[in-house]
Each structure stands twice: as C-alpha cells, then as structure tokens.
Amino acid sequence: MAVQINPSILSADFARLADEARAVHGADWLHVDVMDNHFVPNLTLGVPVVESLARATDTPLDCHLMMTDPDRWAPQYVEAGAGSVTFHAEAAAAPVRLAREIRAKGARASMALKPATPIEPYEDLLPELDMLLIMTVEPGFGGQAFLDIMLPKIRRTRELIGKHGLDLWLQVDGGVSAATIERCAEAGADVFVAGSAVYGADDPEAAVRALRTQAEE
Ligand code: DX5
Ligand code: ZN
C-alpha cells in the first residue's frame, strides 16, 4: 500500500498560492478545499483559482468539494485541471452517475463522508470510486483536532475494500499530523491530507517527508 501525502493549501497564504503550491515539491497531490458557505460555514475558492493553480504547479490537484449540488459543479473542476475530484456523499443527488461522469472526463472519482455518515450504505457503490475520503474532523476549517472516534470507520472501510478486492485509495482529512498519522496508517488509510501540519511548519517540504516516513513505518 503506497503512502501518499497531500498538503492542503487551505492552510497556505492565499495571496501567494503559486509559491505555496511549489513550496511542497515532493508531495503526491496538492489538496484543494473548495467551500461554498452552504455545505460548510466557510468560503474559499472556485473554478478560476483551480484553473490557475493547475497551470502554476506540476503537482496534480486533488479537489475536495465541500459544496451543495456537486452533480452540477464537479465536472467543471475536471475541466479546470483537477486530477482527482471528491464530492460529498451527503450532497450528491446521484453519486453513481456523478462518479462515472468524473471518470469519463478523465479524472479520478472520489467520495467523502462526514464524521456522522456511515460507510455501510455505500458498500455497493465502492467499485465506482477511485478513492474514498473519511473526514476526521467536521469539514469547514483547518487546524481542528483529529477525531479519534473515526478510527473504527477507517478500519471497517479498509476491510470492505479488501473484501471486494478493490484498488481503492483510502484518504483521511482533518487533524492529520505527526501526532496522529501513525494511528490513521495503522487503521488502513493510505492517502493523508495535512494542512496546518505542513504549511504551519518552518519547512513544509521537510514536514511532508517526515509525515511520509511516519506513515510508512
Ligand atoms: C477541512 C478541510 C481540510 C483541512 C485540513 O474541512 O477539508 O482539508 O485543510 O486541515 P488540517 O490538516 O489543518 O486539519
Ligand atoms: Zn479537505
């Protein structure tokens, strides 16, 4: 299971996004949090910024759409240059159709679950996805404390992936840091989003390397 580290630019300086994207050279993906002030109580960025970011960095973009009506908007993020697009299960009207559309447009299709959303109702849908994101905080803000109570859900999801023999990445997002990444990896996560733990560090590249080493142990 290859470990991937995806810094979240939510914790970067938004006036210097291009530089901040390049400051994490060596990261697998750049995690881009799109918030619409409806699905979550915060507002960040949209399609034009993703288009510019895609031109500014060679690191592929992992767009996490915290928005209502992703059925309408997610395909536009593929066109904007995202290599992976994550919509929320709680917001998608037709998740199977949406995942197929994202894949057909050439990106990896991913679905996210808020902390209170169980994985079990989505078991049959997993083959339609390239990645599943388990939120380890309530979505909306960086810098929140990791929710340990999500570890059993990560474990159960890893078991389901094995049971069905799927090549599905399992991402965790929220409060992932040197203090928590080993627990996530042990539970079965293989893609780690880290915002404050990377951009809050004096040397973001070194922070990415350190997180990777910890997760691989
Ligand atoms: C939160 C976002 C996260 C956020 C994580 O809703 O989805 O991607 O940037 O930030 P940290 O790593 O600081 O918890
Ligand atoms: Zn995110």
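## Exercises on a predicted model

Gly81, just after helix α3, has a positive phi of about 120 degrees. Helices are DSSP runs of H or I with at least four residues, strands are runs of E with at least two, and both are numbered from the N terminus.

This is a predicted model, in which local features need pLDDT of at least 70, side-chain atom pairs count only at pLDDT 80 or more, and totals for chains, interfaces and linings use all residues. Residues are numbered from 1 along each chain as its sequence is written, and chains are lettered from A and ligands numbered from 1 in the order in which they are written.

**Exercise 1.** Find the buried residues of helix α3 (residues 70-79) and say what they pack against.

*Solution.*
- Start with the cut-offs: with C-beta atoms placed from the backbone, a residue is buried if 20 or more other C-beta atoms lie within 10 Å of its own, exposed if 12 or fewer, and partly exposed in between.
- Pro70, Ala74, Tyr77 and Val78 are buried in α3.
- These residues lie on the same side of α3, because they cover an arc of only 105 degrees around the axis; the arc is that of the directions from the helix axis to the C-beta atoms.
- An α-helix has 3.6 residues a turn, so residues three or four places apart point the same way.
- The buried residues of α3 pack against α2 (47-56), β3 (61-66), β4 (84-88) and α4 (95-104); a contact means C-beta atoms, placed from the backbone, within 7 Å.

**Exercise 2.** Locate Asn37 and Asp69, and describe their exposure.

*Solution.*
- Most residues other than glycine have a negative phi.
- Asn37 is not a glycine, yet its phi is positive, about 65 degrees. Look for Asn37 in the loop between β2 (30-35) and α2.
- Asp69, also not a glycine, has a positive phi of about 60 degrees. Its loop runs between β3 and α3.
- Asn37 is partly exposed, with 13 other C-beta atoms within 10 Å. Asp69 is partly exposed as well, with 15 C-beta neighbours inside 10 Å.

**Exercise 3.** Place strand β6 among its neighbours.

*Solution.*
- Five of the five residues of β6 are buried. Met131, Leu133 and Met135 point one way, and Leu132 and Ile134 the other way.
- Strands pair if DSSP finds at least two bridges between them. Four bridges join β6 to the parallel strand β5 (residues 108-113), with Ala112 opposite Leu133.
- Five bridges join β6 to β7 (residues 169-173), also in the parallel sense. Here Met135 has Asp173 as its bridge partner.

Methods
Contact = placed C-beta atoms within 7 Å.
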